[in-house]
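I opened my notebook beside the sequence and the coordinates, and I wanted to keep a careful record of each thing I looked up.

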Amino acid sequence: QVQLVESGGGLVQAGGSLRLSCAASGSIFSMNSMGWYRQAPGKQRELVAGFTSDGSTNYAHSVKGRFTISRDNAKNTMYLQMNSLKPEDTAVYYCNARFVGLYAVLYDYWGQGTQVTVSS
């Protein structure tokens with residue numbers, strides 16, 4: 001089992017910055033990947049940024065150059081630094097940890113989400 005707790009969301013003006021944190025506990029080192037997702041009203045949840053199993057990172061095209069994912073293994077915490085925020089970045093942001101089990105069955109763990117609102 002993995003527990004994930006996000007923090008750091010809030011209201012910011014366009015062009016501003018926020019840093020999200022995801023504190024993880026449990027069997028985190030058995031996870032194959034971790035990342036940040038977001039879901040805007042009326043839209044599907046989408047991957048924003050993530051770490052793959054080999055430690056490399058990937059970003060959604062819409063956030064490349066503006067967002068940076070990082071982690072502190074000693075603190076079991078993952079971060080998402082968001083710069084040059086745009087109104088279209090407004091969404092609930094979720095921390096995710098994924099385990100790929102036998103027969104490639106996916107086990108997804110989610111935090112409770114943190115709201116990010118960017119005003120124009």
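The entries below follow the order in which I went through the structure.

**Entry 1: the kind of model.** Before anything else I wrote down that this is a predicted model, and I kept that in mind for every value that follows.

**Entry 2: the disulfide.** I looked for disulfides, and I found that the structure holds one. I reminded myself that a disulfide is a covalent bond between the sulfur atoms of two cysteines. Here the two partners are C22 and C95, with 2.0 Å from S to S. I then asked which hand this disulfide of C22 and C95 has. The torsion about the S-S bond is about -75°, so I noted the disulfide as left-handed.

Next I looked up where the two cysteines sit, and I found C22 in strand β3, which covers residues 18–26, and C95 in strand β9, which covers residues 91–100. The two are 73 residues apart in sequence, so the pair ties together parts that are distant by that count along the chain. Are these cysteines buried or exposed? C22 has a relative accessible area of 0%, which is under the 20% cut-off, so I put it down as buried. C95 also counts as buried, at 0% relative accessibility.

**Entry 3: T77 and K75.** I moved to T77, which lies in strand β8. Its relative accessible area is 12%, and because buried means under 20%, T77 is buried. When I left aside its neighbours within four places in sequence, I found T77 in contact with S21, C22, A23, S70, R71 and D72, so the list includes C22, one of the two cysteines of the disulfide. I also noted that a polar atom of the T77 side chain lies 2.9 Å from the backbone oxygen of K75.

K75 itself is placed in the loop between β7 and β8. In contrast to the buried T77, K75 counts as exposed, at 58% relative accessibility. I also compared K75 with V48, and their C-alpha atoms are 22 Å apart in space, while the two residues are 27 apart in sequence.

**Entry 4: N96.** I then looked up N96, which lies in strand β9. With a relative accessible area of 2%, N96 is buried. What does the side chain of N96 make a polar contact with? The partner is the side chain of D108, at 3.1 Å. Not counting residues up to four places away in sequence, N96 touches L4, S33, M34, G35, Y37, D108, Y109 and W110.

**Entry 5: S25.** My next residue was S25, which has its place in strand β3. Its relative accessible area of 32% falls between the limits of 20% and 50%, so S25 is partly exposed. Leaving aside neighbours within four places in sequence, I found S25 in contact with Q1, V2 and Q3. I also looked up the C-alpha atoms of S25 and V5, which are separated by 8.9 Å, although the residues are 20 apart along the chain.

**Entry 6: loop residues.** I went on to residues in the loops, and I began with S84, which is in the loop between β8 and β9. S84 is not a glycine, and yet its phi is positive, at about 50°. Its relative accessible area is 40%, and I recorded S84 as partly exposed.

A104 is found in the loop between β9 and β10, where β10 covers 106–110. This residue other than glycine also has a positive phi, near 60°, and A104 is exposed, with a relative accessible area of 52%. L102 lies in the loop between β9 and β10 as well, and with a relative accessible area of 64% I noted L102 as exposed. From C-alpha to C-alpha, L102 and C22 are 27 Å apart in space, and they are 80 residues apart in sequence.

**Entry 7: the largest pocket.** Last, I looked up the largest pocket, which has a volume of about 290 Å³. Which elements give two or more residues to its lining? They are β4 (33–39), β7 (67–72) and β8 (77–82). The lining is made of 17 residues, and I28, F29, M34, R71 and N73 lie nearest the centre of the pocket. By class, I wrote down seven nonpolar, eight polar and two charged residues in this lining. Two names came back from earlier entries, since M34 is among the residues that N96 touches, and R71 is among the contacts of T77.

Terms used:
Residues numbered from 1 in each chain as written. Predicted model: local features only at pLDDT ≥ 70, side-chain atom pairs only at ≥ 80, totals over all residues. Heavy atoms only, no water. 1 Å grid on protein atoms, 1.4 Å probe; cavity = no way out; pocket = protein on both sides within 12 Å on 5 of 7 lines; lining within 4 Å. Points joined across faces, edges and corners; volume = space filled by probe spheres on them. Helix = DSSP H or I, 4+ residues; strand = E, 2+ residues; numbered from the N terminus. Nonpolar A, V, L, I, M, F, W, Y, C, P; charged D, E, K, R; others polar. Disulfide = S-S within 2.5 Å. Buried < 20%, exposed > 50% of the residue type's maximum accessible area, 1.4 Å probe, protein only. Polar contact = N/O pair within 3.5 Å; in protein donor to acceptor, adjacent residues only side chain to side chain. Contact = heavy atoms within 4.5 Å.
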